[in-house]
Amino acid sequence: MKDSHGRVIDYLRISLTDRCNFRCVYCMPADGVCSMGHDEILRIEEIERLVRVAAGLGIRSVRLTGGEPLVHKGVVDLVDAITDIPGIENVSMTTNGVLLPAMIDDLRAAGLSRVNISLDTLDPDQFRTITRVGRLEDTLAGIDAALAAGLNPVKVNAVAVRSLEQDFLAFAKLSIDRPLHVRFIEYMPVGDTSEDAGTGWGKGDVIPSEELFQTINRRAVAAGLPSLRAAGAAKPLGWGPARYFEFPGARGSVGFISPLSRHFCSECNRLRVTADGKVRPCLFSDTEYDVRAALRAGDDGAVRAVLLRALGAKPDEHHDKVGTDRKMSQIGG
């Protein structure tokens with residue numbers, strides 16, 4: 001399945017819910033967002049049907065997001081159902097990891113193959129400040145559980161924010177002794193945060209990936225470690241835009257995702273679906289196509305038509321426009 005710019009689109013990201021057990025400062029207000037009503041959210045059987053139609057068009061990889069996908073009571077059954085759909089090769093998830101220790105065995109048995117765990121700091125106090133309610137040890141336990149269960153790859157997503165003064169070398173060193181893939185993501189001033197609201201962060205807090213790469217190497221050398229080199233065997237499987245490096249002899253890798261300093265729009269291979277059934281051709285655009293109505297009408301042809309309209313609307317790039325009327329918790333990332 002190709003879009004109008006010749007890119008192969010084979011990856012579907014689906015937000016299961018706008019609810020979350022965290023209140024991260026860059027994602028939602030302190031008191032949360034006004035949650036969608038039960039009837040607004042796509043039901044499990046509707047999501048399964050959507051994926052079945054999408055697989056018929058060429059979608060091969062599905063990522064489940066939120067909010068926090070693990071707070072959705074039907075998530076294990078959904079993973080199981082999607083895994084059985086002909087044409088689907090991978091089912092993955094992005095999570096804050098808190099509920100993984102209790103759920104990992106069921107998720108693994110259902111067919112979950114890989115997981116991305118969001119973790120923006122290794123400082124317990126700062127973690128509490130960023131998430132407002134979370135505990136660092138809970139997310140670290142989630143990482144341990146994913147590795148112990150044999151998920152491959154297990155990735156850690158860290159948003160790099162200049163004013164947080166994160167210990168980037170400590171993050172990178174997590175990749176040395178375990179098959180853990182740490183990815184630094186440039187902070188994106190999206191929605192409210194694009195106007196410095198809520199977080200106090202602005203465009204000056206964006207750390208270009210090249211600068212971050214040099215910072216990590218400089219600190220590594222000062223600590224007696226070798227510099228990062230292009231990743232070889234340790235490079236993880238995946239279908240995203242990260243560029244990967246590794247410390248010599250490391251079991252994991254260090255990746256950089258650069259949505260602002262190095263547009264990867266030409267490599268974009270995805271469509272997004274919000275929890276209330278809107279297909280978004282681009283993260284940075286508020287253009288959406290309603291697939292919920294077609295699903296509830298039971299019309300697979302109409303579902304297919306919505307997906308194809310969204311596919312045709314994918315822009316060539318986001319042209320430095322960063323902003324959306326939705327909170328990140330409502331989009332699904």
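**A hairpin, a twelve-strand sheet and their surroundings**

In the hairpin that β10 and β11 form, four residues lie between the strands, and one residue, G277, adopts a positive phi near 80°. The hairpin belongs to a predicted model, and it makes a convenient place to begin a tour of the fold. The two strands, β10 and β11 (residues 278-280), are antiparallel and are paired through two bridges. Across this pairing, V273 stands opposite V279 of β11.

Strand β10 covers residues 270-273, and its side chains alternate: R270 and R272 point one way, L271 and V273 point the other way, and all are buried. The two arginines are thus worth a look on screen, since they count among the buried residues of this strand. β10 also pairs with β1 (residues 11-15), here in the parallel sense and over four bridges. Within that pairing, L12 has L271 of β10 as its bridge partner. β10 therefore has a parallel partner in β1 and an antiparallel partner in β11, with pairing counted from at least two bridges between strands.

These strands are part of a wider arrangement. An open sheet of 12 strands runs in the order β7-β8-β9-β6-β5-β4-β3-β2-β1-β10-β11-β12, with mixed pairing. Its edges are β7 (229-230) and β12 (289-290), each of which pairs on one side only. Elsewhere in the sheet, β5 and β6 run parallel and are joined by seven bridges. One of the residues involved is V154, whose bridge partner in β6 is L180.

The protein chain as a whole contains 10 helices and 12 strands. Of its 333 residues, 55% are buried. The accessible surface amounts to about 13600 Å², and carbon and sulfur atoms account for 49% of that area. Contacts reach across the sequence: among those between residues at least 6 apart, 72% join residues at least 24 apart.

Helix α5 offers a good view of how helices meet the sheet. This helix spans residues 136-148, 13 residues in total, and extends 19 Å from first to last C-alpha, close to the 18 Å expected at 1.5 Å a residue. Its buried residues are L136, T139, G142, I143, A145, A146 and L147. They pack against three strands, β4 (114-118), β5 (154-160) and β6 (180-186), and against the helices α3 (100-110) and α4 (124-131). After α5 comes G150, with a positive phi near 85°.

Strand β3 contributes T95, a buried residue at 2% relative accessible area. Beyond its neighbours within four places in sequence, T95 is in contact with E68, L70, L100, V115, N116, I117 and S118. The loop leading from α2 (75-83) to β3 (90-95) holds I85. This isoleucine is buried as well, at 2% relative accessibility. With residues up to four places away in sequence set aside, I85 touches E48, V51, R52 and A55. The C-alpha atoms of I85 and V51 are 7.9 Å apart, although the two residues are separated by 34 residues in sequence.

Another buried position is found in helix α6 (residues 168-177), which includes S175. The relative accessible area of S175 is 0%. A polar atom of the S175 side chain lies 2.7 Å from the backbone oxygen of A172. Not counting residues up to four places away in sequence, S175 touches L180 and V182, along with F247, A250, R251, G252, S253 and V254. L180 appears here for a second time, as it is also the bridge partner of V154.

What, finally, is the number of disulfides that the structure holds? The count is zero. A disulfide is a covalent bond between the sulfur atoms of two cysteines, and the cut-off applied to the sulfur atoms is 2.5 Å. For C20, the closest cysteine sulfur is that of C24, 6.2 Å away and so too far for a bond. For C268, the closest cysteine sulfur belongs to C282, and at 6.9 Å this pair is likewise too far for a bond. C268 is itself buried, with a relative accessible area of 18%, a value that falls under the 20% limit for that class.

Key:
Residues numbered from 1 in each chain as written. Predicted model: local features only at pLDDT ≥ 70, side-chain atom pairs only at ≥ 80, totals over all residues. Heavy atoms only, no water. Expected span 1.5 Å × (residues − 1). Buried < 20%, exposed > 50% of the residue type's maximum accessible area, 1.4 Å probe, protein only. Contact = heavy atoms within 4.5 Å. Areas by Shrake-Rupley, 256 points an atom, 1.4 Å probe, with all protein chains shown as cover. Polar contact = N/O pair within 3.5 Å; in protein donor to acceptor, adjacent residues only side chain to side chain.
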